[in-house]
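Colleague: Have you got a few minutes to go through this model with me? I'll ask, you reason it out.

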Amino acid sequence: MKTNPDSRRVVITGMGVVSPVGHDTAAFWHSLVNGVSGIRTLTKPELAYEKVHVAATVEDFDPLQYFERKEARRLDRYCQFALVAAREAVAQADGLMSAYEPERVGTIIGSGVGGLQTIENEYTKLFQGGMGRISPLFIPMMISNMAAGHVSMAHGTKGPSYCVTTACASGTHSIGDAFRLIKHGYADACIAGGCEAPLTTIAVAGFANMTALSNQQDPARASIPFDNRRDGFVIGEGAGVLVLENLESAKKRGANIICEIAGYGSTSDAYHITSPDPEGRGAAEAMRLAIAEAGLTPEDVDYINAHGTSTPLNDKYETIAIHSALAAAAEKVAVSSTKSMVGHLLGAAGAVEAIASALAIRDGIIPPTIGLLEADPECDLDYVPNTARHTPVRVALSNSLGFGGHNATLLLRSLED
């Protein structure tokens, strides 16, 4: 099928979430707009460490509510999250797979670290019993691409299927790639997002020992983006999955269109393995590219869902990047970090934040940055502190910045004919 790429607009028709503040999109959004936090005191003895006291955990998630026992045992937790979120997204996009040839539907699900729990479990067997104890399912359970593989098998999608692994930008890059596949005619629809289940001994210790995690004992003061007392991010788990379709086909089949993805920017800092560029050049350029692809100007942007990790460097440098990208318009744009409520979901972060941005457009509500009590003088934007703001949102940016210097920005906007 030959298609003029300039004629293909891309819309969101389904969304699914598994998060520390809700196991579906409705619960997730209700928590965000009401400032409910999913950050909790760590109680698992295997995660006990004097440097880490809190995490953003998905509570009361019983795999047997979603999978047969045998299937659940063959899925790492990160894949379970992805499958549950994808199931909700595809259900929302009612009739998706009957509307398209399977070869025209792609699946791109990112993960920053893949099946770490499986790796830990199998290494314990190796240490205790030798090589013969390793499960024959070890490899297909732990490799990062299997969330995309399982989602593709579950829904019968036969188009492009792969995993993006760009640390904390994985989810945003996955959605951006899906957007481009549809825009340029390589697919008609895609299931795209990110998933992560990193609450393991080795991950918690690794992030803590590099001083990336908050050392706060009070969950309410641990993830406080842009606050002067922030000291690190709160590690979290979950998944976010979206269904993207080309506008013409979505309209023709009567799909429920939530909003449009109109721009995507992707850059590299080429600066440092963990720190963003102090001048915010790469992040700023990602925002500029997304705005330009949408044919808009900085003055058109109403809301930015910031990467906003609550680390001293990220929040300062992202603020610099926003000033650089939007110039004078930065003084008026609303910015918030939903990581203040859900923590940092690593490879899933960009996907759940894109969903939050889409819902902000749909409902005209900007979720707050909770815990922002003492503003950092170097973080001088409007961060929507502590209380959601009811206001029309026509255009939103969603930013993700990953270790290794990976930057990604999505531009979402209300659908205009």
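Colleague: How many bridges join strand β8 to β14?

Modeller: Strands here are DSSP runs of E with at least two residues, helices are runs of H or I with at least four, and both are numbered from the N terminus. Two strands pair if DSSP finds at least two bridges between them. β8 (residues 259-268) and β14 run antiparallel, and one bridge partner set is Glu260 with Arg413 of β14. The count for β8 and β14 is eight bridges.

Colleague: Before we go on, what kind of model is this?

Modeller: Residues are numbered from 1 along each chain as its sequence is written, and side-chain values use heavy atoms, with hydrogens and water left out. Local features need pLDDT of at least 70, side-chain atom pairs count only at pLDDT 80 or more, and totals for chains, interfaces and linings use all residues; the model is predicted.

Colleague: Which residue takes a positive phi in the hairpin of β13 and β14?

Modeller: β13 and β14 pair in the antiparallel sense over eight bridges, with Asn407 of β14 as the bridge partner of Leu401. Three residues sit between the two strands of that hairpin. The one with a positive phi, near 95 degrees, is Gly404.

Colleague: And how many of the eight residues of strand β14 are buried?

Modeller: I call a residue buried under 20% relative accessible area, exposed over 50% and partly exposed in between, using a 1.4 Å probe and protein chains only. β14 covers residues 406-413 and is largely enclosed by the rest of the structure, because most of it passes that test: the buried count is seven.

Colleague: Stepping back, which strands stand at the edges, each with a single partner strand?

Modeller: The sheet is open, has ten strands with mixed pairing, and goes β5-β4-β6-β7-β1-β8-β14-β13-β9-β10. Each edge strand has one partner, so one side of each is left without a neighbour in the sheet; they are β5 (161-162) and β10 (334-336).

Colleague: Which residue in β13 does Asn305 stand opposite?

Modeller: β9 (residues 303-305) and β13 (residues 395-402) run parallel, joined by three bridges. Across from Asn305 you'll find Ser398.

Colleague: What angle does the direction of helix α3 make with that of β1?

Modeller: Contact means heavy atoms within 4.5 Å, and α3 (residues 77-92) packs on the sheet, touching β1, β4, β6 and β7. Axes are lines fitted to C-alpha atoms, for helices over the stretch in contact, and angles run from 0 to 180 degrees between N-to-C directions. For α3 and β1 that gives about 135 degrees.

Colleague: How many of the ten residues of α7 are buried?

Modeller: Helix α7 (residues 146-155) lies across β4, β5 and β6, and what covers its buried residues includes α3, α4 and α6. Among the buried ones are Met146, Val151 and His155. α7 is largely enclosed by the rest of the structure, because its buried residues number seven.

Colleague: What is the angle between the planes of Phe61 and Tyr66?

Modeller: Rings of Phe, Tyr and Trp (its six-membered ring) pair if their centres lie within 6.5 Å; planes under 30 degrees apart count as stacked, over 60 as edge-to-face and the rest as tilted. That rule gives seven aromatic pairs. Phe61 and Tyr66 are stacked, 5.3 Å centre to centre, and their planes differ by 20 degrees.

Colleague: Is Tyr66 buried, exposed or partly exposed?

Modeller: Phe61 is buried at 9%, and the two share one aromatic cluster with Phe67 and Phe81. At 23% relative accessibility, Tyr66 is partly exposed.

Colleague: How far apart are the axes of helix α1 and helix α14?

Modeller: α1 (residues 25-33) and α14 (residues 349-363) pack at about 75 degrees. They are therefore roughly perpendicular (65 to 115 degrees; under 35 is roughly parallel, over 145 roughly antiparallel, the rest oblique). The contact includes Phe28 and Trp29 of α1 and Ile355 and Leu359 of α14. Their axes are separated by 11 Å.

Colleague: Last one: what separation do the C-alpha atoms of Ala72 and Ile39 have?

Modeller: Ala72 lies in helix α2 (residues 69-73) and counts as buried at 9%. Leaving aside neighbours within four places in sequence, its contacts are Pro63, Leu64, Phe67 and Gln80. Ile39 is 33 residues from Ala72 along the chain, and their C-alpha separation is 26 Å.
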